Amino acid sequence: MDKAEAAKALGDFTAGYTKAYRALDPALVDRVETGALAEIGRADVTAQRKLLPKGNPGYPALELRDARFAIPKSAGWPKFFVADTLSNRDRNRWLVVFTRDSAKDPWKAAYLTLHAPGTVPAFRTDGDGWAEAVPVRAGEPSGLALDPDAVSGAYTGFLRTGKGDVFAPDLATTQLRADRAKLARTPTFWTDWIDTPEQGPGFPALALRTTDGGAVVFFTAHHREKRTMARGVRPAVTEQRTQSLLTGRLSTAITYTRVSESAVRVPAKGAAAPRVRFLNRIESLIAAKGE
């Protein structure tokens, strides 16, 4: 592929995104999105449709401009590339990661992460301008402190135990565990979490080499949070999105299911600063079930 094809894929995505959010139709989300981003999009339009059953024709069109494409040179399938863009929504750089499984399949957006101006790492390119994809499968040397397909498992393992020094202290690591600790046992409810790593075909870890020899890795994780109420206390849901996605009957507990899509900077193996650092993490509620 070339930059012209990448630009077309980006244009198809913005047009399809706008159409889905105006019609509030989950099926339209699936035409242009996949993986974690599609899970978030489907939940978004499903929740909004509860309030706007006829759709939202006034939804402002998404515009992505000033696109800088990082396209790995690849002879086989699947393929991916990254579009580093500016949007008409905020001042951040939007990194949209597109994947394509075969020549018969369309390009779809799998990840969207937000980065403050000046914080997007520089991707390594060769003399012809091609970016370098990092091998993600076990057994293929990545040259990184942590192989890309191990990042999701390492992260969910840290959230579960708090052990290890793979990740730098951050809002997405140590602070998230501290915030959870405050909700573990309260006078009205107690909370349990299950964090699940994702590396399957539907949620691939994708990585591009940076100029310092490290890489930016995009990965997915799922997070389930069960709140069980104290005796005599009934669960209450006041947040509109949760109400719209709620199934089951609220009696003694509620389970929230969330998905996170993250971009992390993984240093090269043997780097002086070996810890993985989060560049951006977006977590969104995709389901809620009462018990």
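Buried means under 20% relative accessible area, exposed means over 50%, and partly exposed lies in between. The model on screen is a predicted one, and the stops below use those classes.

**Stop 1: Asp66.** Select Asp66, which is found in strand E1. Its relative accessibility is 38%, so Asp66 counts as partly exposed. Check its backbone as well: phi of Asp66 is near 50°, a positive value in a residue other than glycine.

**Stop 2: the loop after E1.** Move on to the loop between E1 and E2, where Pro78 has its place. Display the peptide bond from Trp77 to Pro78; this bond is cis, with omega near -5°.

**Stop 3: helix H1.** Select residues 3–23, which make up helix H1. At 1.5 Å a residue, its 21 residues should span 30 Å, and the end C-alpha atoms are 30 Å apart, so the two values agree. At the start of the helix, look for a side-chain oxygen of Asp2, which reaches to within 3.2 Å of the backbone nitrogen of Ala4.

Now colour H1 by burial. Ala6, Ala9, Leu10, Phe13 and Thr14 are among its buried residues, and so are Gly16, Tyr17, Thr18, Ala20 and Tyr21. An α-helix has 3.6 residues a turn, so residues three or four places apart point the same way. To see what covers the buried residues of H1, show helix H2 (26–32) and helix H3 (35–51). The cover also includes strands E1 (64–70), E2 (79–87), E3 (93–100) and E4 (108–115).

**Stop 4: Leu24.** Which residue follows H1? It is Leu24, and this residue lies in the loop between H1 and H2. Phi of Leu24 is near 55°, again a positive value in a residue other than glycine. With 0% relative accessibility, Leu24 counts as buried.

**Stop 5: helix H3 and its contact with H1.** Select H3. Its 17 residues should span 24 Å at 1.5 Å a residue; the end C-alpha atoms are 25 Å apart, which agrees. The buried residues here include Gly35, Ala36, Leu37, Ala38, Glu39 and Ile40, as well as Gly41, Ala43, Asp44, Val45 and Ala47.

Keep H1 and H3 in view together. At what angle do H1 and H3 pack? The angle is about 30°, and the axes are 9 Å apart. An angle under 35 degrees counts as roughly parallel, so H1 is roughly parallel to H3. On the H1 side of the contact, pick Phe13, Ala20, Tyr21 and Ala23; on the H3 side, pick Leu37, Gly41, Asp44, Val45, Gln48 and Arg49. By class, this contact of H1 with H3 has six nonpolar, two polar and two charged residues.

**Stop 6: helix H4.** Go to residues 151–161, helix H4. Its buried residues are Val151, Ser152, Tyr155, Thr156, Gly157, Phe158 and Leu159. They pack against helix H5 (174–184), strand E5 (189–198), strand E7 (215–229), E9 and strand E10 (277–290). Just after H4 comes Gly162, with a positive phi near 75°.

**Stop 7: Thr257.** Finish in strand E9 (residues 253–266), where Thr257 is found. Is Thr257 buried or exposed? At 14% relative accessibility, Thr257 counts as buried. Leaving aside neighbours within four places in sequence, Thr257 is in contact with His223 and Arg224, and also with Ser284, Leu285, Ile286 and Ala287.

Key
Residues numbered from 1 in each chain as written. Predicted model: local features only at pLDDT ≥ 70, side-chain atom pairs only at ≥ 80, totals over all residues. Heavy atoms only, no water. Helix = DSSP H or I, 4+ residues; strand = E, 2+ residues; numbered from the N terminus. Expected span 1.5 Å × (residues − 1). Buried < 20%, exposed > 50% of the residue type's maximum accessible area, 1.4 Å probe, protein only. Contact = heavy atoms within 4.5 Å. Polar contact = N/O pair within 3.5 Å; in protein donor to acceptor, adjacent residues only side chain to side chain. Axes fitted to C-alpha atoms, helices over the stretch in contact; angles between N-to-C directions. Parallel < 35°, antiparallel > 145°, perpendicular 65-115°, else oblique. Nonpolar A, V, L, I, M, F, W, Y, C, P; charged D, E, K, R; others polar.
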